[in-house]
Amino acid sequence: MYSANHWGGSFEIAADGAAEDDHSRNMDVDRGALSARQHQLDETQQSWLLGPPEAKKKDKYIDLGCVVVKRKLLWWILWFLIAGIILIGVPIIIAKSIPKKKPHAPPADQYTEALHKALLFFNAQKSGRLPTDNGIKWRGNSGLSDGSDLTDVKGGLVGGYYDAGDNIKFHFPMAFSMTLLSWSVIEYSAKYKAVGEYDHARELIKWGTDYLLLTFNSSASTIDKVYSQVGIAKINGTEPDDHYCWNRAEDMAYPRPVQTASSAPDLGAETAAALAAASIVFRDNAAYSNKLVNSAAAVYKFARSSGRRTPYSRGNQFIEYYYNSTSYWDEYMWSAGWMYYATGNNTYISFATDPRLPKNAKAFYNILDFSVFSWDNKLPGAGLLLSRLRMFLNPGYPYEESLIGYHNATSINMCMYFPRFGAFNFTKGGLALFNHGRGQPLQYVVANSFLAALYADYMEAANVPGWYCGPNFMTVNDLRVFARSQVNYILGDNPKKMSYVVGYGKKYPRRLHHRGASTPHNGIKYSCTGGYKWRDAKGSDPNVLVGAMVGGPDKSDNFKDARLTYAQNEPTLVGNAGLVAALVALTDSGRGTGVSAVDKNTMFSAVPPMFPVTPPPPSKWKP
């Protein structure tokens, strides 16, 4: 039998007798001696003899439910997490608490930079009592007595815009300018917002429409006259008027008679178009929008009156030479389109698509000059406006046949823009001569560049890659390239290497045919002829008319920067309206927020049920 031996090894247990002898001997041993012997043992031996070793401390565990872990390990994890929070979290908190600069917007392209300036031209052309934030330091209140002798207009005809370098307020081109600005805001409102000009553009439109509401009895449903102009200019006159005198608008001291028209199918229809388009721009202001559309209906009714079909300018020496209207059928078509979009009233679209209207307007005759959009010819704009209806809303029968005609005419007009087809001449520098080399070429260029860019956006929004010009397939990009080439020419990509927009670029016109820009704002009030010294001065304008697009070069790309060359160096309201529209259509700032990125119905979606369009009653229209 074996027994445990604390010293190691094994030994055999003696028999019982031996055990007893040993026991007896042990009984005789001196206990003190034994105790001393024990003290001689080393520490290891003593620890063994003193009893069993002390029990080791057992690890403590924590049951987390899904797993059991050592408490010590859990503490290590906890401390590790706390350290991580301190090392990582605290710096993040500190970094976030430090004020940061707002991220810069993407750099503006050249079209956006020019757009900011082009809009300022309208601020400089304002007539009336100017707001404190108008932003043009050298301008002040003017024309405060305009129309003061009119008994039916409370407060007179104060406000509006001066047309060009003179101080006349021509209502026909002013109304067209407001229509064009409104169209650009309607189609590209998101772009205007992206570049920070939305509120500015709307304020400029409202300044114009507020004034147009004064030019007739806008509170009545039936009217019998409109005021067509404030201020006059006699050809080769020798008495003080808006051309004979060279004065700042603030210093005018000569008579400014008001022109009245009891027949104005063209002016009345254009005014209706301007108010109707603006009513869409201001749909977020229900009261003002309703006022605009109701007034538009009244002046449209006046324009369409069968006994009032004589053009507003005919026989008026103060208008005919400057803004003579050659037809009113184009304004009928143009205004009917806008009235329909503003109201949803089928009467207007029924008239616009009555086959007799495009026939009388010669809209489908492929006449070259009728393909050029301008203040006097609205056919291309009206055709595109009605093509939009077909492309996106497609009202179907009984409008489809006429809408197809407008759409086809629009496509043909766009074909005529390209040099390869030889419809129009181009300068060697690449400028389209839409007005055949006559003065003020740029206003025609920008208006038609706007239509080209807009049609390209329409096609892209409708997922149409292009269209055919005869056997030649033209792409959406071809159209944009054309529009950009024309605007780029204006901004400096031309043989003269100069910008035709004042204040844009390093080289631009500095001697404008413009009374306000050329006459110093020095506290001196110059007489009617006392301002001639500034008209004839050779130096640069003391007041920079920022954003003004001048008339432009001749058919040989030549340009003379002199005040007396008004055909080349005078800016106009319609010119800048077209420029603004073309620039916002072409800019890449806010790209993706134009008509191609929005619901195609939103442009006119607030109208009472417009779509689907119900067939109208038989037409009562008379040619």
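## Notebook: loops, a small sheet and two helices

**Entry 1. A loop asparagine.** I began with Asn 236, which sits in the loop that runs between β4 and β5. I note here that the model is a predicted one. I looked up the backbone of Asn 236 and found a positive phi of about 55°, although this residue is not a glycine. Is Asn 236 buried or exposed? Its relative accessible area is 74%, and exposed means over 50%, so Asn 236 is exposed.

**Entry 2. Another asparagine.** I then turned to Asn 463. This residue belongs to the loop between α17 (441–461) and β6 (466–469). Its phi is positive too, at about 60°, and Asn 463 is not a glycine. I checked its accessibility: at 70%, Asn 463 counts as exposed.

**Entry 3. The whole chain.** I stepped back for an overview. I counted 22 helices and 7 strands in the protein chain. The chain has 623 residues, and 51% of them are buried. I looked at the contacts with a separation of 6 or more: 74% of them join residues 24 or more positions apart. The accessible surface is about 30,200 Å². Carbon and sulfur atoms hold 55% of that surface.

**Entry 4. The sheet around β4.** I went back to the strands on either side of my starting loop. In what order do the 3 strands of the open sheet stand? I read β3-β4-β5, with antiparallel pairing. The edge strands are β3 (169–170) and β5 (258–261), each of which pairs on one side only. As a reminder to myself, strands of a sheet pair through backbone hydrogen bonds, either parallel or antiparallel.

I took the two pairings in turn. Strand β4 covers residues 226–230, and 2 bridges join it to β3 in the antiparallel sense. Across that pairing, Lys 169 stands opposite Val 230 of β4. On the other side, β4 and β5 run antiparallel and are joined by 4 bridges. There I found Val 226 opposite Ala 261 of β5.

How many residues of β4 are buried? I found 5 of the 5, so the strand is largely enclosed by the rest of the structure. I set this beside my first entry: β4 is largely enclosed, whereas Asn 236, in the loop that follows β4, is exposed.

**Entry 5. Before β3.** I moved to the loop between α5 (110–124) and β3, where Ser 142 is found. Its relative accessibility is 3%, and buried means under 20%, so Ser 142 is buried. What does Ser 142 touch, leaving out residues up to four places away in sequence? I listed Lys 126, Ser 127, Gly 128, Tyr 162, Ala 249 and Glu 250.

**Entry 6. Helix α12.** I checked the length of helix α12, residues 329–343. At 1.5 Å a residue, its 15 residues should span 21 Å, and the end C-alpha atoms are 21 Å apart, so the two agree. I then looked at its burial. Of the 15 residues, 14 are buried, so α12 is largely enclosed by the rest of the structure. Just after the helix comes Gly 344, which takes a positive phi of about 75°.

**Entry 7. Val 281.** I picked Val 281, a residue of helix α9 (residues 265–281). With 7% relative accessibility, Val 281 counts as buried. I looked up its distance to Ala 342, which is 61 residues away along the chain: the C-alpha atoms are 9.8 Å apart. Among the residues that Val 281 touches, not counting those up to four places away, I noted Ser 182, Val 185, Ile 186, Tyr 198, Arg 202 and Ile 205.

**Entry 8. A nonpolar patch.** I next searched the surface. Which residues make the nonpolar patch of about 770 Å²? My list is Trp 75, Leu 78, Trp 79, Ile 82, Ile 86, Leu 87 and Ile 88. Of these I followed up Ile 88, which is in helix α4 (residues 71–97). Its relative accessible area is 56%, so Ile 88 is exposed. I jotted down a general point: an α-helix has 3.6 residues a turn, so residues three or four places apart point the same way.

**Entry 9. A cis bond.** Last, I looked at the peptide bond from Tyr 397 to Pro 398. This bond is cis, with omega near 5°. Pro 398 lies in the loop between α15 (379–393) and α16 (400–416).

Terms used. Residues numbered from 1 in each chain as written. Predicted model: local features only at pLDDT ≥ 70, side-chain atom pairs only at ≥ 80, totals over all residues. Heavy atoms only, no water. Buried < 20%, exposed > 50% of the residue type's maximum accessible area, 1.4 Å probe, protein only. Contact = heavy atoms within 4.5 Å. Areas by Shrake-Rupley, 256 points an atom, 1.4 Å probe, with all protein chains shown as cover. Expected span 1.5 Å × (residues − 1). Pairing = 2+ DSSP bridges. Patch = residues over 30% accessible without salt bridge, like charges linked within 9 Å, V, L, I, M, F, W, Y side chains within 5 Å. Salt bridge = Lys/Arg side-chain N within 4 Å of Asp/Glu carboxyl O.
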